[in-house]
Amino acid sequence: MVSLTSLLTYSRRLLPTLKTQNHAFYTKRSFFLPGPFKRVDGRFLGFGRQSSSTAAKAAEKGEDSFLKWFLLLIPATTFGLGTWQVKRRQWKLKLIDDLTRLTTAEPIPLPLDPYEVNNLEYRRVKVRGHYDHSQELYIMPRSPVDPEREAREAGRLSSSAETGANVITPFHCTDLGITILVNRGFVPRQKIRPETRMKGQVEDEVELVGVVRLAENRKPFVPNNDVERNRWHYRDLEAMAQVTGAAPIFIDADFSSTIPGGPIGGQTRVTLRNEHMQYIITWYGLCAATSYMWYAKFIKKI
């Protein structure tokens, strides 16, 4: 029988040998692991997992880069639109100045050639003759021209101005031998009928200064002219000339032609809609706001 002392002695001799063999086996496994694995801090990581993580980070970085430059288009576009509105405003101001200069220049005799007249819109001309009140036409509804009031009420949905009509009267030019159409001016609604303003129905020969106007196209939502009821909504010179027998030449009488009790002359609108400054502020404001947001998201955090 083997004694307990012999077993303990054999165990002490065998233990170092087992440790040495186990260490050698562990070392051997470490050196001969398959290629895709690597030992890091006592753990084995796969190179395939590292490659997938790196590819995901690269893809995410690429998406961030695309989003970064794509969002930069917003401030760039709004800056371009603001600059375009600056150019538009300069063009509109020049156009208004040109119209104002034409309507305040010294009047010239009205040419007899209709083709020459077509090149004189907003030009002041002078004629001499008399009215034919029996063939009045009425453009309605209209409100009196008041540039200051119109500037105050720009952008509003409603207006405080009185409504009525512009009275268009055939005018026989004794010096030219033709009959033209003259916009004598504005009358309120209760004064549209000629018998309500007999004091203004001048019969004598007069010298008249007015502004040449051309035919206009019907705008969207504007009703068609009602020739039978004598309700006109826009200047259709050919139709007006056919009804009255006049030549298709049209002038707006100036304010000095106003006769007490008659239509109020000077109904030529030369104030064009000019809201470009509002657009400039809007676009440049959006450009500044979106530029700061882009900077805060993509530059400031770096």
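Student: What makes β6 and β7 a pair of strands?
Tutor: Ten bridges join β6 to strand β7 (residues 178-188). Two strands pair if DSSP finds at least two bridges between them, so β6 and β7 qualify. They run antiparallel. One example is I168, which stands opposite N183 in β7.

Student: Where do these strand labels come from?
Tutor: From DSSP: strands are runs of E with at least two residues, helices are runs of H or I with at least four, and numbering starts at the N terminus. The protein holds seven helices and nine strands.

Student: What kind of model is this, and what are its rules?
Tutor: This is a predicted model: local features need pLDDT of at least 70, side-chain atom pairs count only at pLDDT 80 or more, and totals for chains, interfaces and linings use all residues. Residues are numbered from 1 along each chain as its sequence is written, and side-chain values use heavy atoms, with hydrogens and water left out.

Student: How confident is the predictor?
Tutor: The average pLDDT, the predictor's confidence in each residue from 0 to 100, is 82. At least 70 is reached by 73% of the residues. Residues 22-35 stay under 50. For that stretch the model has four contacts beyond four places in sequence, a contact being heavy atoms within 4.5 Å.

Student: Which other strands pair with β6?
Tutor: Strand β4 (residues 124-131) pairs with β6 in the antiparallel sense over three bridges. H130 has H172 as its bridge partner in β6. Strand β5 (residues 137-142) is joined to β6 by four bridges, again antiparallel. There L137 stands opposite I168.

Student: How do you know whether β6 is covered or open?
Tutor: Nine of its ten residues, 164-173, are buried. Buried means under 20% relative accessible area, exposed means over 50%, and partly exposed lies in between (1.4 Å probe, protein chains only). Across the 302 residues of the protein, 30% are buried.

Student: What links β6 to β7 in sequence?
Tutor: A hairpin with four residues between the two strands. G177 in that turn has a positive phi of about 80 degrees.

Student: How many aromatic pairs are there, and what makes W69 and W294 tilted?
Tutor: There are four aromatic pairs. Ring centres of W69 and W294 are 6.2 Å apart, with planes at 45 degrees. Rings of Phe, Tyr and Trp (its six-membered ring) pair if their centres lie within 6.5 Å; planes under 30 degrees apart count as stacked, over 60 as edge-to-face and the rest as tilted. Therefore W69 and W294 form a tilted pair. W69 lies in helix α2 (residues 47-71) and W294 in helix α7 (residues 276-298), so the pair ties together parts 225 residues apart in sequence.

Student: Why is the pair F79 and Y284 called tilted?
Tutor: Their ring centres are 5.7 Å apart and their planes stand at 45 degrees, so this pair is tilted. F79 sits in helix α3 (residues 73-104) and Y284 in α7, so parts 205 residues apart in sequence are tied together.

Student: Are those ring residues buried, partly exposed or exposed? Which is which?
Tutor: W294 has 14% relative accessibility, so it counts as buried. F79 is partly exposed at 46%. Y284 is partly exposed at 29%.

Student: What makes R184 count as a charge over a ring?
Tutor: The test is NZ of Lys or CZ of Arg within 6 Å of the ring centre and within 35 degrees of the ring normal. The charged end of R184 sits over the ring of Y131, 4.8 Å from its centre. K297 lies over the face of F298, at 5.5 Å from the ring centre.

Student: How do you know that the span of α3 agrees with what it should be?
Tutor: The expected span is 1.5 Å times one less than the number of residues. For the 32 residues of α3 that gives 46 Å, and its end C-alpha atoms are 47 Å apart, so the two agree.

Student: What makes the M140 and P141 bond and the phi of Y122 stand out?
Tutor: Most residues other than glycine have a negative phi, and most peptide bonds are trans. M140 and P141 are joined by a cis bond, with omega about -10 degrees. P141 is in strand β5. Y122 has a positive phi of about 70 degrees and is not a glycine. Y122 lies in the loop between α4 (114-117) and β4. Its relative accessible area is 14%, so Y122 is buried.
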